[in-house]
Amino acid sequence: MGEVIAVMNQKGGCGKTTTVVNTATSLALMGKSVLVVDMDPQANATTSFGIDKTKLENTIYDAITGKISVKKAAIPTFIKNLFIIPSNMSLSGAGVELSEKDNYHIILKNTLRDIVDLFDYIFIDLPPSLGVITVNALVASDSVLIPIQAEYYALEGVADLISTIKLVEKRLRSPTPIKGILLTLYDKRTRLSRDVHKELKKYFESRNLLFKTIIPRNIRLAEAPSHGKPCLIYDPESTGTKAYLNLAKEIIERDNQVL
């Protein structure tokens, strides 16, 4: 049975979609079967694989509203072993629609039920908010991966984010453990980046919640989406590419230890 991982942070600009796209690609290149579920109306994960979001026939919106089966919504990317359920602006009103339904919080979980066993990993890319869609993703997921930008305000936000995760667990009785906290946009030349890393290690390393891998601030990671490619394809030798390959290896190693 595949592991469903929600990649979330209520703060934008933390490298969330970059993490989904490049971690999923890394795992696929390592032979794992991977699905990306784009739950963000901006559809940045979708376009990062060179998919034109304006010409899609089927999206995650159609799947969660019951118009099509989830298997029909999943399409292959140009990368072997890697599939995506794409998104577009049609998802923008889904939060309101879902909230009007009974047991709205389990709709995504029920939607993905028929496809979970087909993949080793399923990554859910979420909008930078804590609304109905995010609650659905938490209930549908086996774990949460939290990217945190190397800046002061990001540190303040992570405590609130963890509190929200715990609140959802308590109220909906749906435990979603933290798979790991990932430091992103790290610049070793700045004292701020080093200080943020130090604080994260102080609070989370002893609990094995902080990934050892650090994602650097890297121009190639920023350029790749505009070319419709993950950075691993756009520039295989970049420091960003190597960092996400290391993260994928770390995820596999952690999972093997659990087994």
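Helices here are DSSP runs of H or I with at least four residues, strands are E runs of at least two, and both are numbered from the N terminus. Everything below comes from a predicted model.

**View 1. Ala74 sits in the loop between helix 4 (70-73) and strand 3 (75-76).** Ala74 counts as buried because its relative accessible area is 15%, and the cut-off for buried is under 20%. Setting aside neighbours within four places in sequence, Ala74 touches Leu35, Ile84, Ile85 and Ile115. Val7 lies 67 residues away from Ala74 along the chain, and their C-alpha atoms are 19 Å apart.

**View 2. Helix 7 (residues 132-140) meets helix 8 (residues 152-172).** The two axes come within 11 Å and cross at roughly 70 degrees, so helix 7 runs roughly perpendicular to helix 8. On the helix 7 side, look for Val135, Leu138 and Val139; helix 8 brings Ile165, Val168 and Leu172. Sorted by type, the residues of this contact are six nonpolar, no polar and no charged.

**View 3. Helix 9 (residues 191-204) has a buried side.** With 14 residues at 1.5 Å each, helix 9 should span 20 Å, and its end C-alpha atoms are indeed 20 Å apart. Its buried residues are Ser193, Val196, His197, Leu200 and Phe204. They cover an arc of only 100 degrees around the axis, so they end up on the same side of helix 9. An α-helix has 3.6 residues a turn, so residues three or four places apart point the same way.

**View 4. What lies on either face of helix 9?** The buried residues pack against strand 6 (143-149), helix 8, strand 7 (178-186) and strand 8 (210-216). Turned away from that buried side are the exposed residues Arg191, Lys198 and Lys202.

Conventions:
Residues are numbered from 1 along each chain as its sequence is written. This is a predicted model: local features need pLDDT of at least 70, side-chain atom pairs count only at pLDDT 80 or more; totals for chains, interfaces and linings use all residues. Side-chain values use heavy atoms; hydrogens and water are left out. Axes are lines fitted to C-alpha atoms, for helices over the stretch in contact, and angles run from 0 to 180 degrees between N-to-C directions. Angles under 35 degrees count as roughly parallel, over 145 as roughly antiparallel, 65 to 115 as roughly perpendicular and the rest as oblique. Contact means heavy atoms within 4.5 Å. Ala, Val, Leu, Ile, Met, Phe, Trp, Tyr, Cys and Pro count as nonpolar, Asp, Glu, Lys and Arg as charged, and the others, Gly among them, as polar. Buried means under 20% relative accessible area, exposed over 50%, partly exposed in between (1.4 Å probe, protein chains only). The expected span of a helix is 1.5 Å times one less than its number of residues. The arc is that of the directions from the helix axis to the C-beta atoms.
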